[in-house]
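These are my notebook entries from a session spent looking through one model, set down in the order in which I looked things up.

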Amino acid sequence: MLTQEPLAARMRPQSLDDFAGQSHLVAPGKILRKIIDSDRIPSMIFWGPPGVGKTTLAGIIARKTQAEFVTFSAVTGGIKEIREVMKQADTNKNFGTRTILFVDEIHRFNKAQQDAFLPFVERGSIILIGATTENPSFEINGALLSRCKVFVLKPLSADEIVKLLRRGLTLLDVTADDEILNAIANFADGDARAALSLLEMTAINSEGEITFDILEQCTSRKSLLYDKNGEEHYNMISALHKSMRNSDPDAAVYWLARMLEAGEDPLYVARRVIRFASEDVGLAEPNALSMAVAAYNACHFVGMPECAVNLAQAVIHMSIVPKSNAVDVAYNTAKNDALHSMAEPVPLHIRNAPTKLMRELDYGKGYKFAHDYEQRVTAMECLPESMKGREYYHPTEQGGEIHYRKRLESLKKMKEKLRESNKP
């Protein structure tokens, strides 16, 4: 008895008209669409997370192109196999036939293996198409990468995945309401293959209708109802933010888990943590911003589920450290002045004077270079005349801001002393 192909394989598009997602690349008039339709394929890299269509695009090119199309796996192939393919490509070239070589998971090749492609790409024996889930800047040799056009494929939106799931229901001869399909789409997190595989598993275990009970059993966890674009999305990010602000690490990490396990984009959460590091922690703990940015980079590099612990580390840190919103208040107060006060010109003495004419117009005249002075500070006024004496940053007594407060007070005293000494 022949085993039926998985649903994702049965639904694999045969043409760009049936392709889901990546409209920024394959919609009518877009660059990749034009390249494929005209069969003028350059060496290129498809970079994107799993299940977004990298291999499918390669298959569509294979069916449409007049060139010899060879598929190669970086998991199973080695230098010997590469050389055999290259030898055949040289022969094809001599007979006027192009060879397109598709290398899946090209980031798994080491430097020596990647170097083996380079001379053949340079002399046009092969057109290389590589697929990778990793950042090509880090995983592909610079010389090879410079000869390839990189196309970035994005995770499919929940709406795009739901459309695929509806088509899948007809092949599986089962029913499911929109709430179920949205839950599967959120669970898949932009991965069409994962979504279709889950749909197929739930269909096999259902009796004509997919229910949340079946979905929970197939995912081995509670299906968390969470609309990433609706009110609950904003409620939960608010709960996370306010829990961190209130120095409650337990509540903060709980709300973090609720969002991530329901399918929230970890990079979205990481961006909010970066904002929090300056808005609610600020200079009370200067390292908070560095940790938040590091957590964002970790999410970018490793993705879910591994990056959840990186975000948890950052969220717990933000919850425990001293808090200050003095930086946020300083900016918003200055912003209000910038928007509602007279837009005075920059004072002449702190303008740049790169030309003779500017110097003749007194640009830079009277400027005092702080490093030429003993305390590395002068009494020079840097605000416009109407804003003279305005203060925005008022450090608190929290954490590291105590030191900033003392330093700022010291600077004010030094400047006042310098002003007194300069009086006639």
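I started from Met44 and looked up its bridge partner in β4, which is Ile129; I keep in mind throughout that this is a predicted model. Strand β4 covers residues 127–132, and I found that β1 pairs with β4 in the parallel sense over four bridges.

I then turned to the other neighbour of β1, where four bridges join residues 44–47 to β5, again with the strands running parallel. Within β5, I noted Val152 as the bridge partner of Trp47.

Next I asked in what order the strands of the sheet lie. I read an open sheet of five strands, β2-β3-β4-β1-β5, with parallel pairing. The edges are β2 (68–73) and β5 (149–152), each of which pairs on one side only. Direction ignored, I get an average turn of 15° between neighbouring strands of this sheet.

I looked for what packs on the sheet and found helix α3 (residues 31–38), which touches β1 and β5, its direction making about 120° with that of β5.

Are the side chains of β1 buried or exposed on its two faces? I find both faces covered, since Met44 and Phe46 on one side are buried, as are Ile45 and Trp47 on the other.

I followed Phe46 further and listed its contacts, leaving aside neighbours within four places in sequence; among them are Leu32, Leu57, Ile61, Ile129, Phe151 and Leu153, and the list also includes Lys54 and Thr132. Phe46 is also one of the residues with the most contacts inside the largest nonpolar core, together with Leu32, Ile41, Leu57 and Leu199. That core has 51 residues, and I recorded a second, separate core of 28 residues that includes Met236, Ile237, Val281 and Val315. As a general note to myself, nonpolar side chains tend to be buried together in soluble globular proteins.

My last entry concerns helix α12 (residues 212–219), in which I find Ile214, Leu215, Cys218 and Thr219 buried. Why do the buried residues of α12 line one face of the helix? Seen down the axis of α12, they fall within an arc of 125°, and therefore they line one face. In general, an α-helix has 3.6 residues a turn, so residues three or four places apart point the same way. I closed by checking what the buried residues of α12 pack against, and noted α10 (178–188) and α11 (192–204).

Technical notes:
Residues are numbered from 1 along each chain as its sequence is written. This is a predicted model: local features need pLDDT of at least 70, side-chain atom pairs count only at pLDDT 80 or more; totals for chains, interfaces and linings use all residues. Side-chain values use heavy atoms; hydrogens and water are left out. Buried means under 20% relative accessible area, exposed over 50%, partly exposed in between (1.4 Å probe, protein chains only). The arc is that of the directions from the helix axis to the C-beta atoms. Contact means heavy atoms within 4.5 Å. Two strands pair if DSSP finds at least two bridges between them. Axes are lines fitted to C-alpha atoms, for helices over the stretch in contact, and angles run from 0 to 180 degrees between N-to-C directions. A nonpolar core is a set of buried Ala, Val, Leu, Ile, Met, Phe, Trp, Tyr and Cys residues joined through side-chain atoms within 4.5 Å.
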